[in-house]
Amino acid sequence: MKRLLQVMMTVSLSVLAAACGSDDPDPLANTAELSIIHASADAPAVDIELNGQPFRSNVDFKGVVPHQTVSAGTSELTIRGRLPGGARPVVIGPARVTLEPQRRYAVLSVNRVASIEPLVITRDASTIAAGAVRLQVVHAAPDTPRVSVFVTAPNANLAASAPAGTFAFKETIGPLSVAAGEYQIRVTPAGTPGTVVFDPGPLRLDAGADLLVSVVANTATGSAPISLLVTNAGGTRLELFDRSAPARLRVIHASPDALAVDVVANDNFSQPLVPNLAFPGAMPFVDLPPATYNVKVTPAGNPGLVAINANVPLERGREYSVFAVGRLASI
């Protein structure tokens, strides 16, 4: 019996060791991490295939596929445009991408759609130092020339500051390690720190963040030529707009039996945001400072009868369309 117990214990320990992987190779040793970013401003939404298999569908401009664990080695990446009528032509690939084991990669679709191409960025997968933030910046705006990127304390004098780096389309800066805290990221034409073309204002970088910052064409509001698309390994995505970028609003009269209306912002009845708008009219977009607005809809010239009363938050860089819909009794 004693001998039998010894044999059983030996077998049990061997099974436990096997389950813990002590005799087997690391199951992640032959894998890599892959993220994909749609950074071609005039390209349609796309479907992405990896090695002939669906990887992610309907990714629009500035859309991000967060890091996925994939097999290391040489893979084929195919990107198909999604066109009206269901057509899905290949716009990139099949492109051969070599992914080394235990490394992290981002593949950006860049350039205008007529010249669209993949840009492979190798990311640092090492542990981030305590209290630090890791930044890597990629220039993905084809119509923006060589620029300098400054990462400074808020409101620091750029003339007395050194840029974090200067780069052109398809080039990268970093990865850089900076202490967590409050910063201001500003972009200037190369060699001219007095001419700021992009400034989102102060922002906080939290310890442990591993950020890829893509400089992309600005297709939102404002005159800045670019915006910054910030992503991390976990898939969190944030777009930073220039601090001068307004919100943009239009109102559409879609109530067929309602009279012409005035649209009033923040009770400024003497100067309606939209005066005398009749069905089925629509006002052009107007630029407004970002804020939450109280919007009231009244019959034209009759501010005492409020048909719609709503608070509308308007964010920087965004366009909003407000529809007055339904019959008048339930507008």
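Let's start with the lining of the largest pocket, which by class holds 10 nonpolar, 3 polar and 4 charged residues. The model you are looking at is a predicted one, and this pocket is a good place to enter it. Its space comes to about 260 Å³. Of the 17 residues that line the largest pocket, Arg204, Leu205, Leu211, Val230 and Leu238 lie nearest its centre. If you would rather find the site by secondary structure, look for four strands: E14 (203–205), E15 (210–217), E16 (226–232) and E17 (237–240) each supply at least two residues of the lining of the largest pocket.

From the open pocket we can move to the enclosed spaces. The count comes to 3 cavities of 30 Å³ or more. The largest cavity has a volume of about 70 Å³. Which residues surround the largest cavity? Its lining is made up of Ala39, Ser40, Ala41, Asp42, Phe61, Asn111, Arg112, Ala140, Pro142, Asp143 and Ala217. Sorted by class, the lining of the largest cavity divides into 6 nonpolar, 2 polar and 3 charged residues.

The second largest cavity, at about 50 Å³, has a lining of 9 nonpolar residues, with no polar and no charged ones. Leu135, Val137, Val149, Val151, Ile185, Val187, Val213, Val215 and Leu228 form that lining. Strands E9 (132–139), E10 (147–152), E13 (181–189) and E15 are the elements that give two or more residues to the lining of the second largest cavity.

Val137 deserves a stop of its own. This lining residue of the second largest cavity is found in strand E9. Is Val137 buried or exposed? With a relative accessible area of 9%, Val137 counts as buried, because the cut-off for buried is under 20%. Leaving aside residues up to four places away in sequence, Val137 touches Phe167, Glu171, Thr172, Ile173, Val213 and Val215. Among these partners, Val213 and Val215 also line the second largest cavity. To tie this spot back to the pocket, take Leu238, one of the residues nearest the pocket centre: the C-alpha atoms of Val137 and Leu238 are separated by 14 Å, with the two residues 101 apart along the chain.

Now for some backbone geometry. Most residues other than glycine have a negative phi, and most peptide bonds are trans. Asn111, which we met in the lining of the largest cavity, has a positive phi of about 80 degrees although it is not a glycine. Asn111 lies in the loop between strand E7 (104–110) and strand E8 (117–123), and it is buried, with a relative accessible area of 17%. Asn276 also has a positive phi, of about 55 degrees, and is likewise not a glycine. Where does Asn276 sit? Its place is in strand E20, and at 53% relative accessibility Asn276 counts as exposed, because exposed means over 50%.

Two cis peptide bonds round off the tour. One joins Gly174 and Pro175, with an omega of about 15 degrees, and Pro175 is found in strand E12 (residues 172–179). Another joins Phe279 and Pro280, where omega is about -5 degrees. Pro280 lies in the loop between strand E20 (274–277) and strand E21 (286–288), so you can follow the chain on from Asn276, whose place is in strand E20, to reach this loop.

Conventions. Residues are numbered from 1 along each chain as its sequence is written. This is a predicted model: local features need pLDDT of at least 70, side-chain atom pairs count only at pLDDT 80 or more; totals for chains, interfaces and linings use all residues. Side-chain values use heavy atoms; hydrogens and water are left out. Buried means under 20% relative accessible area, exposed over 50%, partly exposed in between (1.4 Å probe, protein chains only). On a 1 Å grid over the protein atoms alone, a cavity is a set of points where a 1.4 Å probe fits but cannot get out, and a pocket is an open set with protein on both sides within 12 Å along at least five of seven lines; lining residues have an atom within 4 Å of a point. Grid points are joined across faces, edges and corners, and a volume is the space filled by probe spheres set on the points. Ala, Val, Leu, Ile, Met, Phe, Trp, Tyr, Cys and Pro count as nonpolar, Asp, Glu, Lys and Arg as charged, and the others, Gly among them, as polar. Contact means heavy atoms within 4.5 Å.
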